[in-house]
Amino acid sequence: MSSAPAASTAATSLTNTFILRCANSLSKCEKPGTSVCSGCNLYCSQDCQRDHWKAHKSLCKSPLSKENWDPEWFTSNRTPAFMTNEGGPLLSTCGMNKYLLGNMPAFDHIKLEQNEGSDWEKPLDLCFAASGDLRNILVTVNSLPSRFKNPCNVIINDREMYVVLRNMLLLRILSAFPPTEAAEMALHLWYSAKLPSAMCQKLRESFSESFKKISVHMDKAASKSGETLLSTSFELGEKAKMHCVLPRAYWTELFSMLNLKMSSQEATEVRHRITMNKDRRDYRERHLSLLPPNCRVAKQQFYEDGLLLPLGADRSEFTEANFTLFDSHGGGWMLNDSAEPLNCWGIRAVLANGTAPKNDLYGLLYFYLLPQLEKFATRLRTEDLHFTLLSVDARKIAHAIQSCSSKHGVTSFDRIDVSNLSDRGYIGIPDILRLISPLLKTQRVNPHAVLITLFLNYHAEIEQTRPREYKESMTKNVDEATKYLPRKLPRSHGDPFLLKVVEVQGFLKDSGKLWELYQRDNMFEMAAELSGMKQRKVGKIIATNPYRLRKEDRKEKVLEQIDLMQISGLNGAERYVEWVRNDEEMLGGVIRI
């Protein structure tokens with residue numbers, strides 16, 4: 001009989017504020033869990049850990065955590081679904097294709113001390129023109145020095161209605177409740193499939209009161225079309241405010257969302273049709289096979305219950321469907337089966353916080369996010385933060401901002417982020433610079449004002465337009481991959497080891513050469529000249545290729561980087577370009593088109 005692994009004292013830097021009960025549910029222990037099992041749970045003592053071992057063993061000793069675990073398709077000696085015509089393409093997804101958890105890398109968009117300087121005495125105006133991913137706002141606001149007391153105005157635009165509505169609700173939560181309570185509420189509304197009943201009731205009551213005025217207004221103007229813009233404002237703190245300028249149809253959907261009726265059992269069944277779909281087992285196990293073994297148990301648990309909680313946390317109170325993640329009309333689960341809370345957070349910081357067991361990915365994320373959310377909620381109470389929520393085509397954002405400028409008072413910006421709409425498959429860099437750059441403050445007003453563009457799909461675009469060069473790049477990767485993987489023959493054509501080889505080859509792409517070709521093919525220099533902009537050679541907000549695989553490191557470090565990429569959803573090829581106004585050339589006669 002195996003015995004329980006030893007417990008060790010957990011780091012206590014965060015547990016003064018956020019404390020979980022001991023995981024020993026058998027004795028209903030109410031003491032705080034301050035010691036970690038070497039695998040996955042938090043206990044108050046070794047006595048409780050031993051007492052709970054029979055129930056805990058299935059997690060701690062799960063076959064998924066073993067190096068020699070194999071997917072079912074391999075043990076059954078069959079071809080996996082993603083390699084057959086019937087199963088679909090290698091990268092297919094299952095679900096409603098709503099990306100509501102955020103999928104853009106989160107980073108500080110101001111970096112005040114490295115740019116304007118800590119003594120900057122003007123307001124800061126930010127425009128997130130194409131992605132309403134609230135993580136960037138959270139990280140950016142939390143990174144402002146505490147001595148910065150000037151106004152910070154933030155425009156948040158996203159075409160996806162549910163992203164906008166969820167952002168509105170999250171900002172309301174973070175301002176309406178005490179910071180510690182608000183942090184827990186916001187975390188679960190953001191990421192968990194179900195909410196505790198008491199929490200859900202509090203939220204519905206708070207939202208009902210918050211949106212009473214807009215509800216009355218809608219009743220009085222019942223004949224207005226769904227496209228009619230309705231505007232309202234909310235006080236978030238002593239100085240903080242939120243302005244929402246959204247189509248009437250969005251407000252209608254908000255009230256429908258808040259009135260969702262779904263039992264706990266129905267919510268589980270609806271979600272499992274996506275996340276535990278029997279026809280998608282091979283896809284799930286492919287993903288598990290690529291993760292480090294110690295991360296698989298937590299991932300499987302999230303597939304099953306969708307709760308952003310440590311593995312040993314009590315789940316019995318989570319009985320109410322998260323009304324922001326289920327379709328209020330058809331009752332479907334709105335996320336894909338690949339939706340991942342860990343995607344694009346600072347994975348090193350998440351794994352290093354040390355408050356949960358090392359095998360508990362979502363416990364580590366839970367304890368990482370709670371203090372971040374608490375800090376943001378605290379700043380909302382006293383600081384001069386103004387948020388404006390819009391939902392327009394980014395190509396029309398200049399007009400939308402001008403139309404509601406009486407609300408926010410901003411017409412030009414110190415930072416503009418367009419996410420990856422700069423990819424050619426979306427808007428492309430010529431039109432981004434032509435349409436968006438006029439919103440950037442001039443160098444005379446702020447020499448640090450910058451437009452940030454992200455390119456995620458240039459590899460795929462180069463593969464289509466320059467297949468020969470792309471193939472040459474990939475051929476080199478085959479040889480390189482052998483440096484970092486064990487030298488062994490595949491056991492069959494379905495050996496998961498082959499998936500690992502393909503994955504590592506992808507991380508080893510010669511991004512530098514492909515990126516040069518992409519810039520040349522898309523006429524970056526000409527687009528900059530025509531729009532009166534210039535490209536920074538070195539990024540001052542974020543490095544050009546910040547997540548690249550550092551192949552010059554030792555083999556062990558490279559393998560560690562690969563594991564982190566597989567956990568975080570990054571591929572190492574993400575490219576950022578920062579653009580500034582080229583005012584000198586403009587004065588010399590260049591006309592802005």
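**Exercise 1. Helix H14**

Task: At 1.5 Å a residue, what should helix H14 (residues 361-382) span, and how far apart are its end C-alpha atoms?

Solution: The model is a predicted one.
- Step 1. Helix H14 has 22 residues. The expected span is 1.5 Å times one less than the number of residues, so H14 should span 32 Å.
- Step 2. In the model, the end C-alpha atoms of H14 are 33 Å apart, which agrees with the expectation.
- Step 3. For the surroundings, count buried residues: 16 of the 22 in H14 are buried, so the helix is largely enclosed by the rest of the structure.

**Exercise 2. Helix H23**

Task: State the reach of helix H23, list its buried residues, and describe the residue just after it.

Solution:
- Step 1. H23 covers residues 555-568, which is 14 residues. From first C-alpha to last it reaches 20 Å, close to the 20 Å expected at 1.5 Å a residue.
- Step 2. The buried residues in H23 are Val558, Gln561, Ile562, Leu564, Met565, Gln566, Ile567 and Ser568.
- Step 3. To read such a list, recall that an α-helix has 3.6 residues a turn, so residues three or four places apart point the same way.
- Step 4. Gly569, just after H23, takes a positive phi of about 85 degrees.

**Exercise 3. The loop between H3 and S4**

Task: Which phi values do Asn77 and Lys111 have, and is Gly102 buried or exposed?

Solution:
- Step 1. Asn77 lies in the loop between helix H3 (72-75) and strand S4 (124-128). Lys111 is placed in the loop between H3 and S4, and Gly102 lies in the loop between H3 and S4 as well.
- Step 2. Asn77 is not a glycine, yet its phi is positive, about 55 degrees. Lys111, also not a glycine, has a positive phi of about 45 degrees. Most residues other than glycine have a negative phi.
- Step 3. Asn77 is exposed, at a relative accessible area of 66%. Lys111 has 27% and is partly exposed.
- Step 4. Gly102 has a relative accessible area of 16% and the cut-off for buried is under 20%, so Gly102 is buried.
- Step 5. Beyond its neighbours within four places in sequence, Gly102 is in contact with Asp133, Arg135 and Asn343. Gly102 and Asn136 are 34 residues apart in sequence, with C-alpha atoms 9.4 Å apart.

**Exercise 4. Met334**

Task: Where does Met334 sit, and what does it touch?

Solution:
- Step 1. Met334 is in the loop between strand S9 (318-321) and helix H13 (347-352).
- Step 2. Its relative accessible area is 1%, so Met334 is buried.
- Step 3. Not counting residues up to four places away in sequence, Met334 touches Met96, Asn97, Lys98, Leu100, Tyr162, Thr324, Leu325, Phe326 and Asp327.
- Step 4. Val270 is 64 residues from Met334 in sequence, and the C-alpha atoms of the two are 10.0 Å apart.

**Exercise 5. The whole chain**

Task: What radius of gyration would a compact globule of 593 residues have, and what does the protein have?

Solution:
- Step 1. The globule value is near 25 Å; the protein has 25 Å, which agrees. Along the principal axes, the C-alpha trace spans about 80 × 60 × 50 Å.
- Step 2. The protein has 24 helices and 14 strands, and 56% of its 593 residues count as buried.
- Step 3. Of the contacts with a separation of 6 or more, 77% come from residues 24 or more positions apart.
- Step 4. The exposed area is about 26,200 Å², of which carbon and sulfur atoms supply 51%.
- Step 5. The protein has 77 positive and 70 negative charges, and their mean positions are 1 Å apart.

Key. Residues numbered from 1 in each chain as written. Predicted model: local features only at pLDDT ≥ 70, side-chain atom pairs only at ≥ 80, totals over all residues. Heavy atoms only, no water. Helix = DSSP H or I, 4+ residues; strand = E, 2+ residues; numbered from the N terminus. Rg over C-alpha atoms; globule rule 2.2 N^0.38 Å. Buried < 20%, exposed > 50% of the residue type's maximum accessible area, 1.4 Å probe, protein only. Contact = heavy atoms within 4.5 Å. Areas by Shrake-Rupley, 256 points an atom, 1.4 Å probe, with all protein chains shown as cover. Lys, Arg positive; Asp, Glu negative; His and termini not counted. Charge placed at Lys NZ, Arg CZ, Asp CG, Glu CD.
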